[in-house]
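Student: Please take one part of this model and go through it closely. I would like to follow how two packed helices are described, and then see what surrounds them.

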Amino acid sequence: MADRSQGSLVARRILRNPIAVAGLAIILGYLFIAAFAPHIAPFDPTAQDLSRSFAPISAGNPMGCDEFGRDILSRIIFGARTSLIIQFFSVCIALVIGVFLGALGGYFGGRLDEAIMRVMDVLLAFPGILLALAIVAMLGPDLRNLIIAIGVYSIPQFARITRGSVISVRQNDYVTAARAIGENQSSIILRYVLPNAISPIIIQTTLRMATVLLTAAGLGFLGLGVQPPEPEWGTMLSNARMYLRSAPMVAVFPGLSIMLVVLGFNFFGDGLQDALNPRLKE
Amino acid sequence: MLIPVLVGVSLTAFLILHLAPGDPARLMAGVEASQEDVDMLRHKFGLDRPLPVQYAMFVKGLVTGELMSLRFESPAMEIILPKLKNTLILACASIVVAVVLGVTAGVLSATHRKSWIDYAATILSLFGISMPVFWWGLLLMLLFSVKLMWLPSGGMGTFRHIILPAVVLGTASTGIIARMTRSSMLDVLRQDYITTAAAKGLTRRLVVNRHALRNALIPTVTVVGLQFGQLLAGAVLTETVFTWPGIGRLLVTSILARDLPVVQAALVIIALLFVFVNLAVDILYAVLDPRIRYNG
């Protein structure tokens, strides 16, 4: 999978797919905004100016101001940074632990596999946002706990995908051969099994970035996410909701940002899926 | 197979709240409470007993319905069950919306492959999946309740109250069902028996409706079942937007009010419901597709 000809084949397939290219463009724009937030944002995202409370859209405030007179554009820009931090670290937690558990269960099978998958089943029995909600409710709402909660709730997905993929790879002759020449187990898993089982994991990682952002914003909307005055899109929406009748515009931009970024990852993940599994498409 | 999951679910709900840093009694009583109050609470709820004993008490309370809410001085189940009914009403309405729209879009996509209908349906499905439900809810509320004043903005009562929440909650599922139906329909349309049916001279409509759709819907049934569980969870957000008196909103208000027994019981009940729905889907799947047989 990692050799160059296949890599460029996949890249070419993605670039031929307009939806995937659109997704990639959104993701790159998002990364740029998050990385250079302090240089792009016209104002301090937490600076209040009550005289400008709900100031309308103008040249100075292209998205208007919120209830405390804070510049919404600047809060959106810094919010991108918050979202990216949450996405990156929570997906990292889930990826490392989930892939480890999935590879272990899938490769060795037997009782170990049985035990790991039963635990994953239990975690998966709490549908959608609920597990993250329960964890963050108990740890208390802040950025670090939010990352832990969302990371933990994403572990089963990675474990399952990895396990399935590892099981299908481990029967291949080159794995048997590696075992026959006496390579040790961990090097077989790391050098022969995982690299060949990685496509579904890459796809899952991309799509999970979308889900994780929706979950983080959802928890923010419920008041259980990043706490104000830190700029976070879901929390911004939660505040905007209180002024929906008098200042509806305040609710528009944070939601639009969430949707665009999620859409970007879903578009790209969808294209990646087609590019890595061309047979599925036809 | 089922029993370990049931035990695991109750154990998880129990442990999440007990292994969390901090003293649960202090958490329940609030920061301002005196030490005596905290100690009294600790004793009243058996929090001074060993963890296994506490877990046994929790399970017993769940099964006998004696688990008490801290907020309302009444059994947690008496508070939860009516709310659960409201959530089920909402989830069923959303499933109807999602199945009708999703299957229609998926079938049209597959039968008009690579046409503008197909592309539009694919892009709309991705939009549906990517839409934050709470924002989508606010937008529709803004349009239909605040601007046009056609539909109520929240609460429960008449048929008109359920329209917006059901559409909002069903949006993501619509997208997922549409994508599933499209791909399974495309799969089926390539099968030999479809070619045979067409070769017999049957009309395209008859081939699609009688021969293809029935088989294409089998994977869709699974997705619908899985979506039902997601709807129970998605209801947390939708119910908050539309102040729908369901179990999701109860869960959030109970978390904010630190009513831990209600939080634990609600978590267990939603998880159990989800597990049973998934089991039912597995069984239904075997009934619909006689090729699938489960051993034991």
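Tutor: An axis here is a line fitted to C-alpha atoms, for a helix over the stretch in contact, and the angle between two axes runs from 0 to 180 degrees between their N-to-C directions. Two packed helices are described by that angle and by the distance between the axes. The model is predicted, and every value below is computed from it.

The part to look at is a pair of helices in chain B. Helix α5 of chain B covers residues 76–111, and helix α6 of chain B covers residues 116–130. The two pack at an angle of about 140°, with their axes 8 Å apart. An angle over 145 degrees would count as roughly antiparallel, and 65 to 115 as roughly perpendicular. The angle for this pair falls in neither range, and α5(B) and α6(B) are therefore oblique to each other. The crossing of α5(B) past α6(B) is left-handed.

Now the residues at the contact. From α5(B) come B:A105, B:L108 and B:S109, and they meet B:I117, B:D118, B:A121 and B:T122 of α6(B). By class, four of the residues in this contact are nonpolar, two are polar and one is charged.

Next, the core. In soluble globular proteins, nonpolar side chains tend to be buried together. The largest nonpolar core in this model has 164 residues, and B:I80 and B:A266 have the most contacts inside it. B:I80 belongs to the stretch 76–111, that is, to α5 of chain B. Setting aside neighbours within four places in sequence, B:I80 is in contact with B:I247, B:L250, B:V262, B:A265, B:A266 and B:I269. B:A266, the other residue named for the core, is thus among the partners of B:I80.

Finally, the partner chain. Chain A has 13 helices and zero strands. Its C-alpha trace spans about 75 × 45 × 30 Å along the principal axes, and 48% of its 282 residues are buried. Where the chains meet, 36 residues of chain A are in contact with 36 residues of chain B. Helices α5, α6, α10, α11 and α12 of chain A each supply at least two residues to the side that touches chain B. The largest share, eight residues, comes from α12(A). Divided by class, this side of chain A has 26 nonpolar, five polar and five charged residues.

Key:
Residues are numbered from 1 along each chain as its sequence is written. Chains are lettered from A and ligands numbered from 1 in the order in which they are written. This is a predicted model: local features need pLDDT of at least 70, side-chain atom pairs count only at pLDDT 80 or more; totals for chains, interfaces and linings use all residues. A nonpolar core is a set of buried Ala, Val, Leu, Ile, Met, Phe, Trp, Tyr and Cys residues joined through C-beta atoms within 7 Å. A residue is buried if 20 or more other C-beta atoms lie within 10 Å of its own, exposed if 12 or fewer, and partly exposed in between; C-beta atoms are placed from the backbone. Two residues are in contact if their C-beta atoms, placed from the backbone, lie within 7 Å. Helices (H or I, at least four residues) and strands (E, at least two) are DSSP runs, numbered from the N terminus. Ala, Val, Leu, Ile, Met, Phe, Trp, Tyr, Cys and Pro count as nonpolar, Asp, Glu, Lys and Arg as charged, and the others, Gly among them, as polar. Angles under 35 degrees count as roughly parallel, over 145 as roughly antiparallel, 65 to 115 as roughly perpendicular and the rest as oblique. A crossing is left-handed if the near helix is turned anticlockwise from the far one by less than a right angle, and right-handed if clockwise.
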